[in-house]
Amino acid sequence: MVWSMESVFVLILLLSAAVSSFVAADDEAFIGVNIGTDLSDMPHPTQVVALLKAQQIRHVRLYDADRGMLVALANTGIQVMVSVPNEQLLGIGQSNSTAANWVSHNVVAHYPATNITAICVGSEVFTAVPNAASVLVNAMKFIQSALVASNLDRQIKVSTPLSSSIILDSFPPSQAFFNKTWNPVLIPMLNFLQSTGSHLMLNIYPYYDYMQSNGVIPLDYALLKPLAPNKEAVDANTLVHYSNVFDAMIDATYFAMDFLNFTNVPVMVTETGWPSKGDSNEPDATLDNANTYNSNLIRHVLNKTGTPKHPGIAVSTYIYELYNEDLKPGPVSEKNWGLFNANGEPVYILHLTGSGLVLANDTTNQTYCTAKQGADPKMLQAALDWACGPGKVDCSAMLQGEPCYQPDNVIAHATYAFNSYYNQMGKAPGTCDFNGVAAITTTNPSHGTCVFPGSTGRMNGTMVNITAPSMNSTSAAPSARDLYNLGSTNFLVLLRVLICSIVFL
C-alpha cells in the first residue's frame, strides 16, 4: 500500500493530538495512595495491584523499593514513587557509588516496565532522623546524578517529603516561614528542586493540627466541610479567606518559600488523611470523620479548586493510606488510617457516589458491563477498537501473554474493554451500551488471573491467587525489565487504530 502525502499528514496530526492529550493528562492534578506494609497479614503484591486496578488508583507511593511490588506493578501503567528508606540515607549521602548502585538495582532494573516517576529520598528527615539532615541534599544530588547517567532524569524526579511541622507561624499563611534552624539544608534543597523541576513534597495532617489546637481549630475547618463566609479564617495581611486547614497549610508553604526567594517550586502533598478509629482520648478519630475528610479531599483536589494563593492550580495529593496497618506502634489511631482492611474490604464507603472518580470504593452490589451474547462480531470488534483507541481504555491486559489474553475471542476481549470503559466513566448512565452490543450484569466476569476493573480481586469469596515474587523477595525470578516487551501499550493500540483509519483514507 502506498500512502499519499495527505494520509501521512493526517497521521502526523492525529499522533500530535494524541501526544498532546497524554502530556495534558500528565499535567493534571491527581489523587494517589500511600502503601504501607506494617500488617500482620500483608496481601501479596499481585493482590495489592488487583485492588489498585479495581479502584482505578493510578498513582502510588511506596516507602521502599520492594522488588515484589515493583514486578507486580509492571505493565500496569500505574505511576509509582519509590523511596530511599531513612536507614539507608547516611550511606547514600556519603557515597556517590552507593547511590548509583541503589538506582541501578531499584530503578533501572524495573524501568520502563514499571512506571517509576519519582524517588523520595528519605521521609520527614528533619524531624525523624535529624542526624542525617546534613547529608540529605548530597543524597538527593547523588541519586540525581545516577539518573542522569542512565538518561532517566527527565522521566524520574527526585525530592524528599517534609513534615509540615517545619513551617512555623503557619497562620496567617502570609507570615509563615520555615524553621530557620534548617535553612542551611533547606536553601540548597530548594535550589536543587528548582533546578531539576521537582516538587516540594509535604506531609499535611489536619487531624493532628486539630487535636493539638485545644479547640482553636473547628472540626469542620479541619474536615474540609463547606463553611459560611463568617466562619472562615481570614489572613489579616492579605484579607484572603481560608475555609480549611489543608489549603492554609499549602499556602503557608508557598509563602515560606517566597520568604527564601523561591517562587516557582510547586508543592505536592505526599501524605494526608484521617484515622477511622482511636483511643478514648481521640474522640474525633471516627469512621464518619475519616470518610468526610477523604471524600472532601478527593473532590477538592480533582475539582481543581486550587488554593487562595493559587486558585485553579490543584495540588496532587497522596492519601495516607491504602491499608490499615495493625502492626504500627503507638495509639489506636496509628493503626487505622487505611481505606481498606488487609482482605481488600473497604473500611468505609467514600461519599463519592455518581462522581465517577478514583476510589469509589463500594465493593458491594457491584455491576459490570459485558458484551451481549449473540452480538454481531463485526460490531463488537468496532466497539472494541473504539474503546481501546478514542475511548482511552488501558487494553494492555489483553495483549498476548498478559492475564486477560485468554480466551482469545472478540466477546471476551470486548467484555474486558467495555467494563473498563464503564468503570472509567464512573458507571454513568449510557456508558454501557456500545451501539447496543453491551449490557450491565451483576456477575463478576473476572476469571483466573484476569481481574476486571470494578472487582476487588475477590471471586467466589476467595482472593485471586497469582504467582509472583513476594514482598521483600530475593529469589532469582525475572525483573520487571525482563517482563517488559511491548513498551507503551496504550500508544501502540492507538497507533494501530490510527493506521487502520488511514487505510480507509
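**C120.** I looked up C120 first, in what is a predicted model. Its relative accessibility is 0%, so I entered C120 as buried. The cut-off I applied is under 20% relative accessible area.

**Disulfides.** I then searched the whole structure for disulfides and found three. I took them in turn.

The pair C369 and C432 is joined with an S to S distance of 2.0 Å. I noted that this link connects distant parts of the chain, 63 residues apart. C369 sits in strand β14, residues 368–371. C432 is in the loop between α14 (410–424) and β15 (438–441). I read a torsion of about 90 degrees about the S-S bond of C369 and C432, so I logged this disulfide as right-handed. On burial, C369 and C432 are both buried.

Next I checked C388 and C395, which form a disulfide with sulfur atoms 2.0 Å apart. The torsion about their S-S bond is -90 degrees, and the link is left-handed. I recorded C388 as buried, and C395 likewise.

For C404 and C450, I found a disulfide with the sulfur atoms 1.8 Å apart. This pair also links distant parts of the chain, with the two positions 46 residues apart. I placed C404 in the loop between α13 (377–388) and α14, and C450 in the loop between β15 and β16 (458–459). The torsion about the S-S bond of C404 and C450 is about 100 degrees, and the disulfide is therefore right-handed. C404 and C450 are both buried.

I also wrote down the connectivity. With the bonded cysteines of the protein chain numbered in sequence order, I get the pairing 1-5, 2-3, 4-6.

**Second largest pocket.** I looked at the second largest pocket and noted a volume of about 700 Å³. Its lining has 31 residues, of which Y63, S123, E271, Y320 and K328 are the closest to the centre. I asked which elements give two or more residues to this lining. They are β2 (59–62) and β3 (79–84). By residue class, I listed the lining of this pocket as 14 nonpolar, eleven charged and six polar.

**Helix α8.** I turned to α8, which covers residues 183–196 and has 14 residues. From its first C-alpha to its last I have 19 Å, close to the 20 Å expected at 1.5 Å a residue. I then went through burial in α8 and found N183, V185, L186, M189, L190, F192, L193 and T196 buried. Just after the helix, I noted a positive phi of about 70 degrees at G197.

**H351.** My last entry is H351, in the loop between β13 (317–319) and β14. Is H351 buried, partly exposed or exposed? Its relative accessibility is 43%, so I put H351 down as partly exposed. The class runs between the cut-offs of 20% and 50%. I then looked for contacts of H351, leaving aside neighbours within four places in sequence, and found D288, N291, S295 and R299. For one of these, N291, I also took the C-alpha separation from H351, which is 7.1 Å, with the two residues 60 apart along the chain.

Notes
Residues numbered from 1 in each chain as written. Predicted model: local features only at pLDDT ≥ 70, side-chain atom pairs only at ≥ 80, totals over all residues. Heavy atoms only, no water. Disulfide = S-S within 2.5 Å. Helix = DSSP H or I, 4+ residues; strand = E, 2+ residues; numbered from the N terminus. Buried < 20%, exposed > 50% of the residue type's maximum accessible area, 1.4 Å probe, protein only. 1 Å grid on protein atoms, 1.4 Å probe; cavity = no way out; pocket = protein on both sides within 12 Å on 5 of 7 lines; lining within 4 Å. Points joined across faces, edges and corners; volume = space filled by probe spheres on them. Nonpolar A, V, L, I, M, F, W, Y, C, P; charged D, E, K, R; others polar. Expected span 1.5 Å × (residues − 1). Contact = heavy atoms within 4.5 Å.
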